[in-house]
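Please read the following note beside the structure. The points are numbered so that each may be checked in turn.

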Amino acid sequence: MSRKINIAIDGYSSCGKGTLAKALAKKLSYIFIDSGAMYRAVTLFLLRNKVNIADEIQIESRLQDIQLEFKQSLDNDRFEIYLNGENVESEIRDLSVASKVSEVAKVSAVRKKLVEMQQTIGQNKGVVMDGRDIGTVVFPDAELKIFMTASTEVRAQRRYKEMIAAGKVVELAEVQQNLIDRDRIDSSRDDSPLTMNDSYNELDNSFLSPEQQFELAMSWVTKLLD
Ligand code: CDP
């Protein structure tokens, strides 16, 4: 397996894209980039600085003040996101950020800035990136594209458990409502909406364990690299 490829994983909120992306990157010794973390970090900056999220002009004028970086975690297990030098990996997962991120992700100036960064990261191949527009806009030529789905209830349960385990105070119902709201906004926005086309392999993991979904995705990778 010497030839390097890019793997794009898109899909609805909280359907296990990150889990799969991380496992594939580990197995292949590729870089895993969570593009959603970048949209979340921009949102965190705007919230902290009391920028009106409904005001695209104001958002655009603050983008020059936002510097994002990914750095390897201490256990070398993953890349963590830094906002102007501060590790914000945990804070960006708060519901306060999740409830505004899809509004921010609609803004074309935001998308342009982040897509450029993502494309630079992927230019030498060997990247697994998950998000909403990775196979359509960021890496339209990605050798492997996976579109992940799972039922809303399963996704809400998974995200709720994740948040509780991370010490966040949330209710299952508000987590589920947030997923539904984000899916609606992400799928219906004008710029780079979440959408699937024929170039994707679809993976519904409602009834698959992380191991089973990994095996399935690896079979697609092996077919490409053999
Ligand atoms: O982890 P989860 O699936 O809940 O979401 P995420 O990947 O962290 O993404 C958070 C939000 O960022 C999404 O709901 C989208 O609004 C936005 N996003 C995007 O517009 N394009 C991407 N490539 C990645 C995320």
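1. The first point concerns Arg159. In this predicted model, an N or O atom in the side chain of Arg159 lies 2.8 Å from an oxygen atom of the ligand. Arg159 also belongs to the lining of the largest pocket, where it is among the residues that lie nearest the centre.

2. Two further side chains should be examined with it. Asp133 has a side-chain N or O atom 2.8 Å from a nitrogen atom of the ligand, and Asp133 is also one of the residues that come nearest to the ligand. For Lys17, a polar side-chain atom is found 3.1 Å from an oxygen atom of the ligand.

3. How much of the ligand's accessible area does the protein cover? On its own the ligand has 530 Å² of accessible area, and the protein covers 97% of it.

4. The shell around the ligand contains 19 residues, and those that come nearest are Ser14, Arg40, Asp133, Asp186 and Arg189. By character, nine residues of this shell are charged, six are polar and four are nonpolar.

5. Which elements give two or more residues to this shell? They are helix 2 (35-48), helix 4 (95-104) and helix 8 (172-188). Helix 2 provides the largest share, with four residues.

6. The ligand sits in the largest pocket, whose volume is about 1,200 Å³. Its lining consists of 48 residues, and Gly18, Asp34, Arg93, Arg159 and Glu162 lie nearest the centre of the pocket.

7. Several elements each supply at least two residues of the lining of this pocket. The helices are helix 1 (17-28), helix 2, helix 4, helix 7 (152-165), helix 8 and helix 9 (210-225), and the strands are strand 2 (31-34) and strand 6 (127-131). Helix 2, helix 4 and helix 8 also give two or more residues to the shell around the ligand.

8. The character of the pocket lining may be noted last. Of its residues, 18 are charged, 16 are nonpolar and 14 are polar.

Note on methods
Residues are numbered from 1 along each chain as its sequence is written. This is a predicted model: local features need pLDDT of at least 70, side-chain atom pairs count only at pLDDT 80 or more; totals for chains, interfaces and linings use all residues. Side-chain values use heavy atoms; hydrogens and water are left out. A residue is near a molecule or strand if one of its heavy atoms lies within 4 Å of it. A polar contact is a pair of N or O atoms within 3.5 Å; within protein, one must be able to donate a hydrogen and the other to accept it, and residues adjacent in sequence count only if both atoms are side-chain atoms. Accessible areas come from the Shrake-Rupley method with a 1.4 Å probe; for residues, only the protein chains shown count as cover. On a 1 Å grid over the protein atoms alone, a cavity is a set of points where a 1.4 Å probe fits but cannot get out, and a pocket is an open set with protein on both sides within 12 Å along at least five of seven lines; lining residues have an atom within 4 Å of a point. A molecule sits in a cavity or pocket if more than half of its atoms lie within 2 Å of its grid points. Ala, Val, Leu, Ile, Met, Phe, Trp, Tyr, Cys and Pro count as nonpolar, Asp, Glu, Lys and Arg as charged, and the others, Gly among them, as polar. Grid points are joined across faces, edges and corners, and a volume is the space filled by probe spheres set on the points.
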